[in-house]
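The following exercises concern the architecture of a single protein chain. Each task is followed by a solution that proceeds step by step.

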Amino acid sequence: MSRTTTVAAEPPVSGLAPGAGGRRLPRTLHPVAWWIWALALATAVSRTNNPLLLFLVLAVLGYVITMRRTEAPWARGFPYYLYLALTVVAIRVTFRAVFATGVTPRDHFLFSLPHIPTPDWYAGIRLGGPVSLEALLSAATDGLRLACMLCCIGAANTLANPKRALRVLPGALYELGVAVTVSISVAPQLVASVQRVRRARRLRAGRTRGLRALRGIVVPVLEDALERSLRLAAAMDSRGYGRAGTATRRSRRLTGALMLLGMCGLCAGAYGLLDATAPKLLGLPALGAGGALCVAGLRLGGRRITRTTYRPDPWRAAEWAVAGCGVLSAVLLFGNAGFNAAELNPSIYPLSWPTLPLVPAAAILLAGTAGFLAPPPTAPARPAVPVQRTEEPK
């Protein structure tokens, strides 16, 4: 008789691309590189309210996320950031329509809202009245700029794991980094919780859309968030979070004083660089002194904290390329070289179609090169596949 045995087929070695030849091996990019890229792109967005450039930024974000996001549950939350961006634009336009200000006789009037009289101490604020096309377009472009900045932060949360970024912080900033990481990871965790609840309701043939389904989704999500916060608090307490260690009171006070003076120096230096009428000492000298004090405080505070890192994330040429293309995009938009600065903020008086400046558009497309400069993400591990093998009798 023939005998049939079942063996498990070995999954392909992680990082190898069969038949790929010279293709790059998949790996996880350093999270700090993604955050530098996203924050630099958000800085570039703050420079303009040209709707064509802002829509180009959204297209670049969508391309990079599509090419380089992982299969983790928290990496699927970018559509929710898009919904939040649309909500921001809608709220901005609604407020501009309700608080009718800045309407001139030359505007194109669309409709008029009922006017609500206000008391004398509330002078200068007008509720209701005529609504013009120019006012709504101005509010929409302002809201679109803020929406693009929110989407840049959402892209960083989608592409980078904030918990891995915590491992590269200096020892003196570890506890502050934990607090920032917990606050940043709230949105991805809520997205994952909502997706789990919706899948469970779909399996139970429950309503997954509409206002009736909202109560059945919100309550389990809040309960999950409460349980997760309790588990996090227990884990942080078991690991000695907030411990003073062997540091003396004098050492802690000296570290705090150095950090506080350093931050004041950085703020004064930034103000001196932005204000042309400020004294020269408030420019680069104050910025350098503040940076030196911050570094001294970090080194002094890091001596009392000993941390080890298991398999630290490498920083290679791909990280430099991704971070560099984002920073270069912001530098080109702030440099005002090769284009008219008025094209970044087109006026709606008279009402006309905005122009697309070539240099800023090329700078934004340069940030989009991160989609192929970054290595492909690591594929999730696949379970062993049973293979039927038939053995003939001897």
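**Exercise 1. Relative direction of α1 and α4**

Determine how α1 and α4 are oriented relative to each other, and characterise the residues of their contact.

Solution. The two helices are roughly antiparallel to each other, and the geometry shows why. The coordinates belong to a predicted model. In this model the axis of helix α1 (residues 31-45) crosses that of α4 at roughly 175 degrees, and the axes come within 9 Å. An angle over 145 degrees counts as roughly antiparallel, so this assignment follows for α1 and α4.

The next step is to list the participants. On the α1 side, the contact comprises Trp34, Trp35, Trp37, Ala38, Leu39, Leu41, Ala42 and Val45. These meet Arg145, Cys148, Met149, Cys152, Ile153, Ala155, Ala156, Asn157 and Leu159 in α4. By class, the residues of the contact of α1 with α4 divide into 15 nonpolar, one polar and one charged.

**Exercise 2. A second partner of α4**

Establish the orientation of α3 with respect to α4, the handedness of the crossing and the composition of the contact.

Solution. Helix α3 (residues 78-98) packs against helix α4 (residues 133-159) at an angle of about 160 degrees, and their axes are 8 Å apart. That angle makes α3 roughly antiparallel to α4. As to handedness, the crossing of α3 past α4 is right-handed. The contact of α3 with α4 draws on 19 nonpolar, five polar and three charged residues.

**Exercise 3. The packing of α1 on α11**

Classify the arrangement of α1 and α11, then examine Val327 within α11.

Solution. For α1 and helix α11 (residues 317-335), the packing angle is about 10 degrees, with the axes 8 Å apart. Angles under 35 degrees count as roughly parallel; α1 is therefore roughly parallel to α11. From α1, the residues involved are Ala33, Trp34, Ile36, Trp37, Ala40, Leu41, Thr43 and Ala44. From α11, they are Glu319, Val322, Ala323, Cys325, Gly326, Val327, Ser329, Ala330, Leu333 and Phe334. The contact of α1 with α11 contains 14 nonpolar, three polar and one charged residues.

Val327 lies in helix α11. Apart from neighbours within four places in sequence, Val327 is in contact with Ile36 and Ala40. Val327 and Ala44 are 283 residues apart in sequence, yet their C-alpha atoms are 8.8 Å apart in space. With a relative accessible area of 37%, Val327 is partly exposed, because that class lies between the cut-offs of 20% and 50%.

**Exercise 4. Two further partly exposed residues**

Locate Phe111 and Ala292, and describe the surroundings of each.

Solution. Phe111 belongs to strand β2 (residues 109-116). Its relative accessibility of 41% means that Phe111 counts as partly exposed. Beyond residues up to four places away in sequence, Phe111 touches Gly129, Pro130 and Val131. Phe111 and Leu133 are separated by 22 residues in sequence and by 9.3 Å in space, C-alpha to C-alpha.

Ala292 is placed in helix α10 (residues 284-302). Ala292 is partly exposed as well, at a relative accessible area of 47%. The C-alpha atoms of Ala292 and Gly262 are separated by 7.2 Å, although the two residues are 30 apart along the chain.

**Exercise 5. The chain as a whole**

Summarise the secondary structure, the burial, the range of the contacts and the exposed area of the chain.

Solution. The chain contains 13 helices and four strands. Of its 394 residues, 32% count as buried. For contacts between residues at least 6 apart in sequence, 78% join residues at least 24 apart. The exposed area is about 24,300 Å², of which carbon and sulfur atoms supply 66%.

Terms used: Residues numbered from 1 in each chain as written. Predicted model: local features only at pLDDT ≥ 70, side-chain atom pairs only at ≥ 80, totals over all residues. Heavy atoms only, no water. Buried < 20%, exposed > 50% of the residue type's maximum accessible area, 1.4 Å probe, protein only. Contact = heavy atoms within 4.5 Å. Areas by Shrake-Rupley, 256 points an atom, 1.4 Å probe, with all protein chains shown as cover. Axes fitted to C-alpha atoms, helices over the stretch in contact; angles between N-to-C directions. Parallel < 35°, antiparallel > 145°, perpendicular 65-115°, else oblique. Left-handed = near helix turned anticlockwise from the far one by under 90°. Nonpolar A, V, L, I, M, F, W, Y, C, P; charged D, E, K, R; others polar.
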